[in-house]
Amino acid sequence: MTLRLHPLVRVHPIASRARRSTHLCRLLAALLVATAGITSAQSPFDGLRFREIGPAVMGGRIHDVEVDPKDPSTIYIAAAGGGVWKTTNKGTRWAPIFDATGENSFGDLAVSPVDSRVIWAGTGEQNNRQSSTWGGGIYRSTDAGATWTFLGLRETASIARVVAHPTDANVAYVAAVGNLWRPTAERGVYRTRDAGRSWERVLFVDTLTGATELVMDPRDPSILYAATYQRLRTGFGFNGGGAGSALYKSTDGGTTWRRLEVGIPTGDKGRIGLAIAVSKPDVLVATIEHPTAGGTYRSEDAGATWARKSAMNPRPMYYSKPTIDPTNDQRVWMMGVQPAKSEDGGTTFEAMPNSPTYDLGLKDDHHALWIDPRDPRHLLLGGDGGLHESYDLGYTYARLNNFAIGQFYRVAVDDRDPYWIYGGMQDAHSWMGPSATTHWLGILNQDWVQIGFSDGTGHAVDLKGERYVYSTSSGGSLTRVDVVTGDRWDIQPQAPTGERYRFDWTAPVLASRHRAGTVYLGANKLLISRDFGVTWSATADLTRGVNRDTLRIGGVPSGEVRLSRNDGESSFSEITTVAESPVDSLVLWVGTDDGNIQVSRDGGRTWTEVGRHLRGVADGSFVDRIVASGSGKGAAIVAFENHRSGDFRPYLFRTTDFGRSWTSIASGLPDGNPVRSIAEYPGKPNVLIAGTERFLHVSVDSGATWTRLTANLPPTRYDDIVIHPRTKDIVLATHGRSIWVLDDASPLASWTPAVATAPATLFPVRRATLTLYRADVSTAAHAIYAAENPAEGATFTYHLAQPVDTVRFTVTNAAGRVVRTFTGPTTRGVLLRVAWDLRWPPIAGGFGFGGGEEGGPPSGAGGMTRGGGAARRPALPIPVHDIGARGFHAAPGTYTVTMEAGAVKVTQRFEVRGDPASDVTIAEHRAREAFLLEVLEVQAQLTAKGMRREAAPLSRLLGAFTGSGVRQATMHGPTATHRAVLAEARRALGAGAR
């Protein structure tokens, strides 16, 4: 479970002063940014807080698993796009430990055998996916990952291996496979002897060949073996081999290298995996990609000679990683779709079970394996589905899915209340989950429901509602899902006889916002259905129709590539993005991977290619996203994503005249971070949100200027952005850290220079809903993943341009009666938020916790004590909603909040509604509230007279209506029995007065 703070300062009572202080101090520390307006360095919006809502039900790609050799309870994982995570209790809880650096992609970690506090981290994933991102060099920590120091090698882009010296913590080696997308000199094997202050490149082949493997002889650290790999990926294909791929050996600590050739197949080779036997270091195993003689090779004489043992080498471009059991040189593990195990040195392999089916047992696609040297039956396996653990030599596994590193491509939302979110994950299917729940624990893994298979990609919800959800998987495979029944209908369009549609890996799907039943799917043609996918029509081919076999990759015609040819890119010249104008349903836009921008003004019958009018980006660049603007029929925004051609700059353009002219709006977006997603705020076309390779950016002036929205967001790839049209929540789909939500972004859209300079501003308050949170999953395992629900109650957003001593809020009901008062943070220059939990003040004395068998506080009460004793360490899981003393709920109605900040006094009116799923009437709500206020009054009078015994029944009555611990209460009005208890108390009070 990843511990996280509640998104807002809460004004309902917190269980203890210590817990409240911790929450406030952490939040205030995050808010200590002062600025009067938007600048390129800081944003006033950084005071807002996004909710990380998961899911963690499926992990994302993991490239390395490392265990502290001196403390096996401490584990580190390195993810392709989700950063570095650490646990100190064998996976019960995890925490990201690299977010402060701005890096999100990692190839390898190395824990120093000399001092396990020293950790080396190589950034940039070493695999070769079309969706792979890149890194920014090498880092080192001397305090077990608490802090990190950047040590250079920034342009290596992808570090495949880091090897730490066994006796000298200052010496390390780096195998840099290099930039996947362009030739560079920054690749090969590097060595440092001074803890990374300086580096020397000790092995270099050429600008397309890097080092993808590096192992050290455990007997003699001067003996090293390296595998080099020649490769290049483009937007249209992949060349995974060449003359540069080879095996090398050094016997002088890397100063000189000798190529190993005896028994190695001659000619061009692809990726080479490499492992050394710790128990018998003269034994090495290599997986060699070769056009005719590929497979598993073994040397038993320290690399002098090699023999091919088998053809085993699954999909080298993506796996190619053998691992030798540290206690048994004959036991060889091979990563792949399934892990495989050999007990005879690599001659034969047993495919390990993934039962009972594709991923209900062990998730497919594996990249990293740690074998416990104390007990080789104990394994930690990392792959596309996250982290798995086995204690029986890989025959059964437990999935450690309590940290969120999901790699989402696209996201969509419906209009349920609360709304649900739909997303497709890299190699981990398609899912839907609620934006809010009534669990005390928040949003749980089990709240997410699988609705699609394979690599989930695009999703769209029909205007008719959530029973018509369009879900795609890799290559444009399209289904229509009824989320109520689970019915999954294949509605894949079929090309006419003799024709084949070409689909991008993440082929775009779009449901019309104007007409129910109209759905668009991008291939090389735009496919259009107007009857919910039952029948389809196709436009003309809207791409350039490029024959990629005539294009060259690394100097070789694509059609002549022999090793991993175009792996991951099944075709080229495809539609990559589709947009429908919010102003006019007849205006459609598409963008293609070969550089076309097409616009139609007649619903798709005729098209005009307008990308030719655009200047400032290379012709043929990949069109990643088009947003049809609400500012006018002819207005649109287009993002080019040109890193596939080795250009890592951001490209963003706007047109207002159907593409006849274009204006760049990328000024202020940082180099090295291509734009991956763009969204326009509904009804405020001047407000734009852009997601890049690492960060999120916001503009409130139509893209003229941008500022990074740091807030509490991690560095990761922001692949998609949706702004919910009703709630105005911002929903982010990240390719590495799952899904994040900013509740009610309307203050961001309301930002103006006048707000920035006004002494104090209180923004309009969104309607709040009465909610009963429930302990309905109390039997869940303690390694549970729990994400944040929205803040309970009504949220008040404000901004202070001038310093003040106190900010005071007063909430009154329609009758003018004060319901609640509280104070908020006084940090100036950033948007601040506090929340009222829709309750009257906490009732003096409380009602007990109702959590444990002994009547003490429930686990996770956050510093509560039993019987006045010392505070207990909180156990897991810890509810994200407060379970301390609280008051009873206010009735639905119209309320007014008054904010007093220094000499400024401002008010906003807002609505509180009942739970729309509840059958409690407004009259019952009001009767309950009036009854409980009367109970409080009588109880106070009895207590003042010392009549505590007579007051006790009223305390129990209040507890029944208010709840305690994780026990929910009721929204219903009082029964005759309840009124009789109050009447008896009144009689006792009257008798006491006599």
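**A predicted, strand-rich chain and one of its sheets**

With 994 residues, a compact globule would be expected to have a radius of gyration near 30 Å, and the protein chain, at 30 Å, agrees with that expectation. The structure is a predicted model. Along its principal axes, the C-alpha trace of the protein chain extends over about 110 × 70 × 55 Å.

The secondary structure of the protein chain consists of six helices and 71 strands. Of the 994 residues, 63% are buried. Contacts also reach across the sequence: among those between residues at least 6 apart, 58% join residues at least 24 apart. The accessible surface of the protein chain amounts to about 35,100 Å², and carbon and sulfur atoms account for 50% of this area. As for charge, the protein chain carries 106 positive and 99 negative side chains, with the centres of the two sets 5 Å apart.

One sheet may be followed in detail. Strands of a sheet pair through backbone hydrogen bonds, either parallel or antiparallel. Here, four strands form an open sheet in the order 56-57-58-59, and their pairing is antiparallel. Strand 56 (675-681) and strand 59 (707-708) are at the edges; each has a single partner strand, so one side of each lacks a neighbour in the sheet.

At one end of this order, strand 58 (residues 696-699) and strand 59 run antiparallel and are joined by two bridges. Histidine 697 belongs to strand 58, and its bridge partner in strand 59 is arginine 708. Histidine 697 has a relative accessibility of 3%; because buried means under 20%, this residue counts as buried. Leaving aside residues up to four places away in sequence, histidine 697 touches a set of residues that includes Leu669, Pro670, Leu688, Ile689, Ala690, Trp706 and Arg708. Thr692 is also one of the residues that histidine 697 touches.

That threonine leads to another strand of the sheet, since threonine 692 is found in strand 57 (residues 684-692). Threonine 692 is buried, its relative accessible area being 0%. Beyond four places in sequence, threonine 692 touches Asn673, Pro674, Val675, Arg676, His697, Thr716, Arg717 and Tyr718. A further relation concerns a residue remote in sequence: serine 105 is 587 residues from threonine 692 along the chain, while their C-alpha atoms are 14 Å apart in space.

Methods:
Residues numbered from 1 in each chain as written. Predicted model: local features only at pLDDT ≥ 70, side-chain atom pairs only at ≥ 80, totals over all residues. Heavy atoms only, no water. Rg over C-alpha atoms; globule rule 2.2 N^0.38 Å. Buried < 20%, exposed > 50% of the residue type's maximum accessible area, 1.4 Å probe, protein only. Contact = heavy atoms within 4.5 Å. Areas by Shrake-Rupley, 256 points an atom, 1.4 Å probe, with all protein chains shown as cover. Lys, Arg positive; Asp, Glu negative; His and termini not counted. Charge placed at Lys NZ, Arg CZ, Asp CG, Glu CD. Pairing = 2+ DSSP bridges.
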